Amino acid sequence: MRRVHLFGQPELYDAEGQPVSVRTSTSLHLLAFLCRHRDEAHARTRVAALLWPASAESQARQNLRQALHHLRQILDPPHDEGASDLDVDRTIIRLRSTAPIWVDVDAFEGHLQQAEEGSDADRAHHLESAVALYRGHFLESCDEDWAIEEREFLKARHAEALDQLLDLCVRQGAREDAVQYAERILAQAPLREDVHRRLMALHYERGDRTAALAQYRRYREQLEADLGVAPDMETERLYRAIEANAPLGSVGPKAPDRAPANLPYLLTRFHGRDGDVDALLRRLETQRLVTLTGVGGCGKTRLALEMGHRLTERFPDGVWFVDLAPLTDPHWIPQAIASTLKLTQTKIQAVTDELIEHLRETTTLLILDNCEHLVDACARLARRLLEACPRLTILATSREPLHLSGERVYSVSPLAVPPESTTHDELTAYAIVQLFVEHARGHQPGFRVTSANAAAVAAICRASEGVPLAIELAVTWLRVLSPAEIADRLGTDPDLLTAQTRDAPARHRSMRAVFEHSWELMTERGRALFMRLAVFRGGFTRKAAEAVAGASLMQLAALLDKSLLERDPDGRYAVHELLRQFGEAKLAEVGEADEMRGRHLAFFLDLAETAEPELAGEDQAAWLRGLTDELDNLRAALGWALATDRAEAALRLASALGRFWSLRGYLSEGRQWLDQALAHLDKADRSTQAKALYQAGELAWRQGDYATAEASQRQSLALYRELDDASGVSDALVGLGRVAQEHGDLERAIQLFGESLDIERDLGDGRGMAIALGNLGEATLEQGAPDAARDYLRQSLEILREQGDRSGVCNVLNNLGYVASVQGDVDGARASLNESLSIARKVDDKRGVAMALGNLGNLALEQAEWDRARDSLGEIAAIFREMSDRRNLSVALNKLGQVELERSDVAQARAYFAESLAICREMNDQLAIAEVLCGLAETARIDGHEQQAARLQGAIRQLLESIGASLQAHERRLFERTRAELTSTLGDPTYQDLIQQGRAEGLATVLDRWTAAV
């Protein structure tokens, strides 16, 4: 296998490890490009333009022909004309995926991917392997835009790997290794103050106080020379502690706390707002709603993030950042917060109510960013959350206050600008100048304020009016203009920083001038692209940009250079929301908005329909992540389709996302989109109607809305039969069977599942057969036929394994484990359940984890393994709380109560039973109420309330008879144990009288008596 090294100076080795001479550097660059995009077909014209951008088109094509000829001589196996690694014709070039070529960059990214999971030792191994491969920056000899983009992306991945290794070493106490990684990070990012602090602390903890103090002095001198500023207060406090030879305690920096939070890592220094931070720290000690207001681009978000990072210890239940900028509909604000908190909806309930349930008893900080366009809805939601959640604090950013009582508005002013009288020596004391210098070094690494450019820098800062975003954009012009030229252009046009339209809001006027100047410096093609990219919401991939906006890699790189785009380490692009709004307005001016939104809709409809079958395959987790990343775009596409009466597209898109809504737990949102689309049902094709109704029924069933589910599935079934769509008929039959099962009509359910199975067998659809068999297994088990259930489930499992449906395998193994436990096969049950648990953890299926742990907990309960049962049930209770799955939480709490009874902790058992009962009564789950009452009756007996315990048992009997149900094994044994003790204590005649009283009084009265007694 050949080996290609692209880190550092590129090198090529043959299968025997001998270096291969490459005639020209551009041949190597071509090989590098093809390796980075293996198995992708590239237009020859595009590749020529990428590799020879300065050449005329004809010359670039000639250069490409020569480079290809040379490359084929190297790559094609000798004496084998039919085995070329390159696929080349007159129009395209492609490096085949089967080409036996090892590439160091691919190996690097592979190790980083494997480092995302596993033990600390496994993660450290893969991170170290990745870092070892990074011999230098990607393709150092190539200065073309495509290579620079790849270089910056890989540099960021390498820096992230070093950060993770440093964290691991600090946590494990490996200080020598930690020092080495900290020094490597600083070699790439010499102004990372957090890393300087960690290095100081590491030296000191190793016993080398001299090295720690020297580290501080070097950093202080570097800051003074480069930026003219001093280290921040946290660094100074650490220095003073080391100088005094004092224990570091809480002063020394430690590995980052993995407490709940989603705050972005801050890559730049925080300039000039120490006073704001101190004031906000004091304000947030006593105020629960603080709103940061100010003009667009003044730094509200940056200040809010800084506060979030500094307040993590004060809010142990989490600091959560919610960006509302992508939202256009106020109804999705609660869902955006729920998604950030990783809540999964499982029943009919307003998302706001679920937020309240989750946050009610937590000490949490919510940062709601960019509220201004949804200010009324934000205000209403903030008031509800704060009134219901006494330990919740909200920090909002908005261009206007929320106008709530109790709100404390904090105005974020632009940074102070230097007056004209400012001397060169005084200039660098201004934070706006420090910001200018830091960003300027991204374009000119050696940039500093000198006597020659000081006046121009000051003039630019004054023209920016102290708005940080304006400075960031202005600095990008250093690629083509000197500071003096920038200042001259800003100074010669008096309207440059003033809006040209009278109706432009005042808060837009200075920013609009910067936007217009950036616009002026762009090419016509660049302007057209930027406008088109404004249709995206929440970011976009390169593939989406190419398909929707016709963007080339070089064009995207050009916009990145101008700070008009951002690109994260995963390769996803984003436009700052203010810039996006500017581009959207331009798009409307030229009359292309509808065309671009149509292309946007078409792309995301295709993405959703492509993803739909993949969500049941081996790559389910990756497709779920991909659709989640695109959620704002999917919402925008659905909203536009509905607003413009594109019923067919809206129904197709909402239906294709059905499995996504279910897997992610966005049940209410999915139903709302489908309900809106179904209002236009008669305008769509009948097959589209049938599928939409089916998906609506599925989501309704998952939320327990069985009437709606049945009605939707019946309509879907009728349409599918009219269309003679056997597969659709089968799906609808399964949907109706599930509803029948929930209603307790097991015979009807089994009949419907059987009809579905017959159809799927005729069609030869393996996955459809597996679904029908799995449902038959669950229904026959509930009917009391475990042997038949096991056979059905085993057949389903065999098919699902062949199909690679890991989520399906996980579910069936869990059911098989339960069947084995019912049949008394403890070892078989444990084997199936442990395998199910392992798969669920690997695919990050929280519900699968919880269900497997639940059955393992039940198994431990049956085997009297109380500690094991408590551990399993405690973990699933935490999962179900996080997911807001109240139904399954009630089951887990009931089982935990039974465990605590066996461990003789009656008080804890009573607490678990009481919480479980409250949930069951809220959901009106009669059988679950009866099961929980078994535990409460036993606690009442132990507490000396024998008569109340007997009345509870009478109420249990009456309830079970009324619903025609019986207790499960463990609850039945618990009931009988309590009965025996009560009969012995009270005597059988008295016990029977109390039983009759309980039956006659009914559940509500008996519970009131029990509440009064305890």
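Two strands pair if DSSP finds at least two bridges between them. In this predicted model, that criterion opens the way into a set of parallel strands, in which Val 290 of strand S7 stands opposite Leu 395 in S10.

Strand S10 covers residues 392–398, and seven of its seven residues are buried, so the rest of the structure largely encloses this strand. The burial extends to both faces of S10: on one side lie Leu 392, Ile 394, Ala 396 and Ser 398, and on the other lie Thr 393, Leu 395 and Thr 397, all of them buried.

S10 has a parallel partner in S7 (residues 289–293), to which five bridges join it. Within this pairing, Thr 293 has Ser 398 of S10 as its bridge partner. Strand S9 (residues 364–369) also runs parallel to S10 and is joined to it by five bridges. Here the bridge partner of Leu 366 is Ile 394 in S10. The connection from S9 to S10 involves helix H15 (residues 375–388), and the three elements together make a right-handed β-α-β unit.

The next strand to consider is S7 itself. Five of the five residues of S7 are buried, and the strand is mostly covered. Leu 289, Thr 291 and Thr 293 point one way from S7, whereas Val 290 and Leu 292 point the other way, and all are buried. S7 also pairs with strand S11 (residues 408–411), in the parallel sense and over four bridges. Thr 293 takes part in this pairing too, standing opposite Ser 411 in S11, in addition to being the bridge partner of Ser 398 in S10.

The loop between S10 and S11 contains His 403. The phi angle of His 403 is near 60°, a positive value in a residue other than glycine. With a relative accessibility of 62%, His 403 counts as exposed, because the cut-off for that class is over 50%. A positive phi near 60° in a residue other than glycine is also found at Ala 864. Ala 864 belongs to the loop between helix H40 (846–862) and helix H41 (866–883). Its relative accessible area is 42%, and Ala 864 is therefore partly exposed.

Attention now turns to helix packing. Two packed helices are described by the angle between their axes and the distance between the axes. For helix H28 (residues 631–643) and helix H29 (residues 647–656), the angle is about 150° and the axes are 8 Å apart. Angles over 145 degrees count as roughly antiparallel, so H28 is roughly antiparallel to H29. The crossing in which H28 passes H29 is left-handed. On the H28 side, the contact is made by Leu 634, Ala 637, Leu 638, Ala 641 and Leu 642, which meet Ala 650, Leu 653 and Ala 654 in H29.

H29 is largely enclosed by the rest of the structure, because eight of its ten residues are buried. These buried residues are Ala 647, Ala 649, Ala 650, Leu 651, Leu 653, Ala 654, Ser 655 and Ala 656. The buried residues of H29 pack against H28 and also against helix H26 (593–614), helix H30 (658–664), helix H31 (667–678) and helix H32 (686–702).

Note on methods: Residues are numbered from 1 along each chain as its sequence is written. This is a predicted model: local features need pLDDT of at least 70, side-chain atom pairs count only at pLDDT 80 or more; totals for chains, interfaces and linings use all residues. Side-chain values use heavy atoms; hydrogens and water are left out. Buried means under 20% relative accessible area, exposed over 50%, partly exposed in between (1.4 Å probe, protein chains only). Helices (H or I, at least four residues) and strands (E, at least two) are DSSP runs, numbered from the N terminus. A crossover is right-handed if, with the strands pointing away from the viewer, the path from the first strand over the helix to the second runs clockwise. Axes are lines fitted to C-alpha atoms, for helices over the stretch in contact, and angles run from 0 to 180 degrees between N-to-C directions. Angles under 35 degrees count as roughly parallel, over 145 as roughly antiparallel, 65 to 115 as roughly perpendicular and the rest as oblique. A crossing is left-handed if the near helix is turned anticlockwise from the far one by less than a right angle, and right-handed if clockwise. Contact means heavy atoms within 4.5 Å.
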